[in-house]
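I opened this entry to go through one model and note what I looked up, step by step.

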Amino acid sequence: MNVVSREVDLLARDLARLLGDLSGLYAELSMHMRSKLEAIKVADASRIQSITARESVLARRAAEREGLRRQITARILEGLGMAAANPAGQPVTLTALAEMFPEPRRSQLLVAAAGLREKLHEVDQMRTTLSLITDEMLKHLAEVLKVMCAGVGTDVYSRSGR
């Protein structure tokens, strides 16, 4: 049975809560991405712009929370004496980190990590879909512009009316 200090246990509790917060942020981001897809389908430019602004705010918050997650993880590894055992700075998976704790903390971390992994997968799928749609729209618009900007043929009127 693993024995951890009170401070490390509290850090692990904070990490589990933070992972839950990150899952919530990514769930909200996924929801907005689905809404953006619907807005794209109906060509609602103002709604797309509004959703994109909200996504940017959520992405910044998620990046900040991710930085905090890294800090907490580093402090946990230090508290467990694992920082010296990992001199190359190789990332430690949340699953591996959870295995260093006794129950119930282990289960809390594993559940939180699984929830976060699921939400990240959803966001990645939506990102891929939206990226493909955007690429196709840009190709289409490029072709429209190419046709519109093509040279003037001989069977059109000039400015002088000829």
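I began with the buried residues of α2, and I found I51, E55, L58, A62, R69, I72, T73, I76 and L77 listed as buried. The model is a predicted one, and I read the entries below with that in mind. I then looked up what these buried residues of α2 pack against, and the partners are α1 and α3.

Next I checked the length of α2. With 35 residues at 1.5 Å a residue, α2 should span 51 Å, and I found its end C-alpha atoms 51 Å apart, so the two values agree. Just after α2, I noted that G81 takes a positive phi of about 75°.

Core. I looked up the largest nonpolar core and found 31 residues in it. The residues with the most contacts inside this core are L15, L19, Y26, I76, L97, F101 and L109. Four helices each supply at least two residues of the core: α1 (6–41), α2 (45–79), α3 (94–98) and α4 (105–148). Of the contributors, α1 gives the most, with 14 residues. I76, which is buried in α2, is among the core residues with the most contacts.

I took Y26 from that list and looked up its contacts. Leaving aside neighbours within four places in sequence, I found Y26 in contact with A62, L116, K119, L120 and V123. One of these partners, A62, I had already noted as a buried residue of α2.

Pocket. I turned to the second largest pocket, which holds about 230 Å³ of space. I wrote down its lining as Y26, E66, R69, V92, T93, L94, T95, A113, L116, R117 and L120. By class, I have 6 nonpolar, 2 polar and 3 charged residues in this lining. α2, α3 and α4 each supply at least two of the lining residues, and α4 gives the most, with 4. R69 appears in the lining, and I had also recorded R69 as buried in α2. Y26 appears in the lining as well as among the core residues with the most contacts.

L120. I closed with this residue, since I had met L120 as a contact of Y26 and in the lining of the second largest pocket. Is L120 buried, partly exposed or exposed? I found a relative accessible area of 37%, which lies between the cut-offs of 20% and 50%, so L120 is partly exposed. L120 sits in helix α4. I also looked up its separation from A27: the two are 93 residues apart in sequence and 8.3 Å apart in space, C-alpha to C-alpha.

Conventions:
Residues numbered from 1 in each chain as written. Predicted model: local features only at pLDDT ≥ 70, side-chain atom pairs only at ≥ 80, totals over all residues. Heavy atoms only, no water. Core = buried A, V, L, I, M, F, W, Y, C linked by side-chain atoms within 4.5 Å. Buried < 20%, exposed > 50% of the residue type's maximum accessible area, 1.4 Å probe, protein only. Contact = heavy atoms within 4.5 Å. Expected span 1.5 Å × (residues − 1). 1 Å grid on protein atoms, 1.4 Å probe; cavity = no way out; pocket = protein on both sides within 12 Å on 5 of 7 lines; lining within 4 Å. Points joined across faces, edges and corners; volume = space filled by probe spheres on them. Nonpolar A, V, L, I, M, F, W, Y, C, P; charged D, E, K, R; others polar.
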